[in-house]
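This report addresses backbone conformation, helix packing and cysteine pairing. The structure under discussion is shown below.

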Amino acid sequence: MMTYGAQHDDTILDGRYRVLERIGTGATATVHRGRDEFLGRDVAVKILTKPGGSEQSAGAAAAEVKILAGLQHHALVILLDAGIERAHPDEPHVYLVMELINGPDLKQHLAQGPLSHRHTAQIGHDLADALAYIHGNGVIHRDVKPGNVMVFDYYQDASRMRAKLTDFGIALISGRQGGAEGGFSGTAAYLSPEQARAEAVTAASDVYSLGLVLLECLTGKRAFPGDPLQSGVARLLHDPAIPEDLDQDWKKLLAAMTAGIPEERPSALEVSLALFDLASQARGRRKIDPSLISDDEPARMAAVAEYAILDTPPDGAFDTITALAARVFNVPIAIVSIVDHDRIWFKSHHGTEVEEIDRDPGLCASAILQGEVWVVENAAEDPRTLSNPLVTGELGLGFYAGAPLTTKEGHNLGTLCILDVSSRTMSESDTANLKDLAGLVMHDLDLRLESRRSTQTGAILDLSHVKKLAM
């Protein structure tokens with residue numbers, strides 16, 4: 001059987017993919033960093049360590065994997081190509097070329113402890129959505145487990161955690177061995193009961209496995225620990241233990257997903273919708289520091305609603321202002337923010353790809369409580385911010401200045417703010433300039449509001465005219 005060096009191998013597959021250092025090894029494949037010489041980009045190359053056995057069987061496997069290359073979904077690691085390595089004609093090996101993702105998998109995340117309910121719901125929603133997509137295309141994963149989930153946490157704890165499902169190509173090939181009955185495939189700790197009995201595998205098996213993954217995310221423990229035989233048999237004897245202190249919605253969903261009878265489990269699409277609701281509920285229930293809530297919060301939120309600027313698609317209206325602010329103040333980041341009841345939305349964000357953060361610890365939530373521009377010149381030493389996660393965490397925020405976006409009635413909708421990773425000073429003229437730029441943002445918002453009011457008034461007058469004609 002052909003093997004590849006642990007450090008480097010000059011093997012080039014199909015004259016295109018150069019095999020580089022090994023970055024992972026599994027029961028059925030080795031994973032290498034690779035180089036697509038044609039496109040000049042790094043890729044991941046997975047080479048099945050179990051040979052195809054014959055040119056015919058390897059060719060059939062490669063043809064099946066190429067079907068998967070047509071699957072495109074935001075929560076799937078993209079399969080770019082597939083082929084057969086024939087260095088040893090008697091032992092052809094199927095290889096897969098996939099997008100290379102540098103980052104931890106869910107197994108590594110869980111080694112540090114369980115996830116929050118909110119983050120569990122978020123990654124679960126992505127994974128269920130991906131499963132619903134591949135199920136709709138006639139594909140069953142057969143090996144949903146933490147090690148096959150890539151996790152992305154773009155902005156520490158303050159942003160949405162995302163996930164991508166990988167290894168679905170290898171799982172399909174393994175699952176097809178033995179024909180429709182599938183045989184014993186997958187990872188023992190996450191098998192469905194029907195997989196453990198070597199019975200026919202359906203989409204419901206993926207739902208069961210995802211249920212075990214989510215349960216582990218919430219508890220930090222495998223539902224069926226032990227060696228493969230002990231773990232595989234355990235699920236035939238009893239259902240997984242679901243903690244009593246979980247919310248009722250979680251308990252109902254996990255119990256349904258891990259039902260012993262496949263037909264009693266919800267579909268992946270139904271799971272995706274349920275997890276979206278749970279993620280939204282968790283965000284809505286997030287406790288906000290009372291000191292960040294103004295006395296006129298109901299009236300302020302009514303004003304935010306009247307301007308109709310939440311959950312609207314990006315329109316680029318304020319991008320010129322944030323770009324100008326970044327140049328004028330020589331800072332890397334400038335943002336137009338709107339403060340919702342639990343989130344801070346970035347309606348324009350120059351210098352960052354982040355689109356929203358939680359209201360706490362966002363500094364804009366503090367800035368809107370001020371009547372004037374709120375400035376933190378040295379965030380690491382300022383008592384107001386020295387323990388803030390945006391300051392102590394990966395971002396390492398050093399400076400913040402936010403000018404409130406104030407309505408004519410005196411309600412602060414959000415801010416025009418500038419940020420820097422270094423501390424800096426803010427002169428009186430700087431403060432005045434930032435306030436003037438915020439005034440430009442507010443002027444545009446007021447024009448939009450007046451235009452919408454005029455349109456609504458015109459529609460009412462037209463309707464009144466029609467009624468008079470009908471009398």
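## Residues with positive phi

In this predicted model, D14 is exposed, with a relative accessible area of 55%. The residue is located in the loop that joins β1 (12-13) to β2 (17-25). Although D14 is not glycine, its phi is positive, near 50°.

A second non-glycine residue with positive phi is A308, where the angle is near 55°. A308 belongs to the loop between α10 (297-307) and α11 (319-329). Its relative accessible area is 40%, and A308 is therefore partly exposed.

## Packing of α6 and α8

Helix α6 (residues 203-219) and helix α8 (residues 248-257) have axes that come within 8 Å and cross at roughly 140°. The crossing angle makes α6 oblique to α8.

On the α6 side, the contact involves V207, Y208, L210, G211, L214, L215 and L218, which meet W250, L254 and M257 of α8. Classified by residue type, this contact of α6 with α8 comprises nine nonpolar residues, one polar residue and no charged residues.

## Cysteine pairing

The disulfide count is zero under a cut-off of 2.5 Å between cysteine sulfur atoms. C364 takes part in no disulfide, and its nearest cysteine sulfur, that of C417, is 3.8 Å away. Why is the sulfur of C417 not bonded to that of C364? The separation of 3.8 Å is too far for a bond, and C364 holds the closest cysteine sulfur to that of C417.

C364 is buried, with a relative accessible area of 5%. C417 also counts as buried, at 1% relative accessibility.

Technical notes. Residues numbered from 1 in each chain as written. Predicted model: local features only at pLDDT ≥ 70, side-chain atom pairs only at ≥ 80, totals over all residues. Heavy atoms only, no water. Axes fitted to C-alpha atoms, helices over the stretch in contact; angles between N-to-C directions. Helix = DSSP H or I, 4+ residues; strand = E, 2+ residues; numbered from the N terminus. Parallel < 35°, antiparallel > 145°, perpendicular 65-115°, else oblique. Contact = heavy atoms within 4.5 Å. Nonpolar A, V, L, I, M, F, W, Y, C, P; charged D, E, K, R; others polar. Buried < 20%, exposed > 50% of the residue type's maximum accessible area, 1.4 Å probe, protein only.
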